[in-house]
Amino acid sequence: AERKRALIAHIESLLVRENAVLVAHYYVDAELQELAEATGGCVADSLEMARFGRDHAAQTLVVAGVRFMGETAKILSPSKRVLMPDLDATCSLDLGCPADAFSAFCDQHPDRTVVVYANTSAAVKARADWTVTSAIGLDIVAHLHARGQKILWAPDRHLGAYIQRETGADMLMWQGSCLVHDEFKGVELELLRQEHPDAKVLVHPESPPSVVAQADVVGSTSQLLKAAQELDASCFIVATDMGLLYKLRQAAPAKTFLAAPTAGDSASCKSCAHCPWMAMNGLEGLAVALEHGSGEIVLDEALAARARVPIARMLDFAA
Ligand code: 13P
Ligand code: SF4
């Protein structure tokens with residue numbers, strides 16, 4: 001504990017020395033979330049992280065999250081330095097959608113508007129007309145559908161199917177999924193709801209349809225947090241990465257939050273739902289990155305300029 005306190009104090013002084021700000025996602029360790037808040041950074045969903053990094057005056061952004069979040073920060077702020085505690089922190093959606101195969105898929109369907117989830121590489125975004133996050137995907141696709149556009153959607157099939165059901169849009173789908181959210185189980189969730197009949201169910205839309213169908217609220221991490229604070233209920237069942245549980249319990253200490261069941265659950269493992277790549281972010285890596293400027297996101301400028309177009313469209317739409 002003594003060592004950890006010293007490490008945190010060291011990071012705080014490095015943030016000042018390097019004119020840096022910490023931009024963290026809700027799925028990283030609680031100690032990183034606390035540090036971000038204590039030092040004037042942010043803890044947010046991927047949409048807010050993008051906005052915060054773009055608008056902050058600091059010359060260095062330290063992104064505690066997964067690689068696409070660091071890339072988005074760099075794309076939006078090419079003149080800033082963007083560091084990550086571990087550059088190998090990827091995402092199963094990004095891994096499951098390689099740029100060359102995706103580009104070939106787009107070539108086969110030139111009549112469709114290409115909409116990609118933020119959880120993709122810069123190269124995939126460079127091929128897209130729009131980028132969306134879970135917080136705004138539904139509104140953007142509804143907007144495009146109302147204008148008669150047919151959509152090519154990638155990569156998360158569950159988020160895509162949810163948006164398709166809600167909007168009725170014509171969506172051709174890439175078949176990716178998130179290895180964390182794909183594990184939530186509909187039947188087991190029904191059983192848990194029977195034990196807690198008054199509980200409200202909060203679901204991230206990367207979860208399978210059998211889970212989304214039981215939701216009282218479907219939304220991004222920030223939207224689920226807001227709903228938990230606002231809804232008049234004392235018990236919630238939460239289908240998203242357990243990193244958010246820390247924040248939920250902090251924001252609404254009088255309420256009870258139960259993790260939704262996953263296939264890996266056993267008596268000793270009530271929620272195995274934690275992203276292995278988010279878990280790669282730690283205090284040590286953060287200190288090393290700030291100390292030595294390691295873990296820097298470097299992107300080809302022409303590629304970044306192309307990827308900026310669909311991201312800027314999203315941010316303009318959201319504004
Ligand atoms: P949010 O945009 O809701 O933060 O989601 C990002 C993510 O990776 C969810 O798994
Ligand atoms: Fe990607 Fe899933 Fe991890 Fe989010 S939780 S970063 S979608 S693998």
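**Exercise 1. Place strand β9 in its sheet.**

Find which strand is joined to β9 (residues 200-203) by 4 bridges, and in which sense the two run.

*Solution.*
Step 1. Strand β9 is joined to β11 (residues 235-239), and the two run parallel. Keep in mind that this is a predicted model.
Step 2. Take one pair of residues. K200 stands opposite F236 in β11.
Step 3. Now widen the view. The open sheet has 4 strands in the order β10-β9-β11-β12, and the pairing is parallel.
Step 4. Look at the ends of that order. Strands β10 (217-218) and β12 (256-259) are the edges, since each pairs on one side only.
Step 5. Add the helix. Helix α12 (residues 221-230) packs on this sheet and touches β9, β10 and β11. The direction of α12 makes about 165 degrees with that of β9.

**Exercise 2. Describe strand β7 and its surroundings.**

Decide whether the faces of β7 are covered or open. Then find the strands that pair with β7.

*Solution.*
Step 1. Check one side of β7: I151 and W153 are buried.
Step 2. Check the other side: L152 and A154 are buried too. Both faces are therefore covered, given that a residue counts as buried with 20 or more other C-beta atoms within 10 Å.
Step 3. Strand β5 (residues 113-117) pairs with β7 in the parallel sense, over 4 bridges. Here L152 is the bridge partner of V114.
Step 4. Strand β8 (residues 171-173) runs parallel to β7, joined by 3 bridges. L152 stands opposite L172 in β8.
Step 5. Follow the chain out of the strand. The peptide bond from A154 to P155 is cis, with omega near -10 degrees. P155 lies in the loop between β7 (151-154) and α9 (157-167).

**Exercise 3. Analyse the packing of α1 on α14.**

Give the angle, the axis distance and the handedness of the crossing. Then list the residues that meet.

*Solution.*
Step 1. Helix α1 and helix α14 (residues 283-292) pack at an angle of about 30 degrees. Their axes are 10 Å apart.
Step 2. The crossing is left-handed.
Step 3. On the α1 side, the residues are L7, I8, H10, I11, L14 and L15. They meet L283, L286, A287, L290 and E291 in α14.
Step 4. Sort these residues by class: 9 are nonpolar, 1 is polar and 1 is charged.

**Exercise 4. Compare E18 and N19.**

Classify each residue as buried, partly exposed or exposed.

*Solution.*
Step 1. Locate them. E18 is in the loop between α1 (2-17) and β1 (20-25). N19 lies in the loop between α1 and β1.
Step 2. E18 has 18 C-beta neighbours inside 10 Å, so E18 counts as partly exposed.
Step 3. N19 has 12 other C-beta atoms within 10 Å, so N19 is exposed.
Step 4. Check the backbone of N19. Its phi is positive, about 50 degrees, although N19 is not a glycine.
Step 5. Look for distant partners of E18. Leaving out residues up to four places away in sequence, E18 touches T60 and L290. The C-alpha atoms of E18 and L290 are separated by 7.3 Å, yet the two are 272 residues apart along the chain.

**Exercise 5. Characterise the two ligand shells.**

Count the residues of each class around ligand 1 and ligand 2.

*Solution.*
Step 1. The residues around ligand 1 include D45, N119, C178 and E206. By class, this shell has 3 nonpolar, 6 polar and 2 charged residues.
Step 2. Ligand 2 is surrounded by 14 residues, the closest being C91, S92, C178, V180 and C275. They divide into 9 nonpolar, 3 polar and 2 charged.
Step 3. Look for an overlap. C178 appears in both shells.

Notes:
Residues numbered from 1 in each chain as written. Chains lettered and ligands numbered in written order. Predicted model: local features only at pLDDT ≥ 70, side-chain atom pairs only at ≥ 80, totals over all residues. Near = placed C-beta within 6 Å. Nonpolar A, V, L, I, M, F, W, Y, C, P; charged D, E, K, R; others polar. Pairing = 2+ DSSP bridges. Contact = placed C-beta atoms within 7 Å. Axes fitted to C-alpha atoms, helices over the stretch in contact; angles between N-to-C directions. Left-handed = near helix turned anticlockwise from the far one by under 90°.
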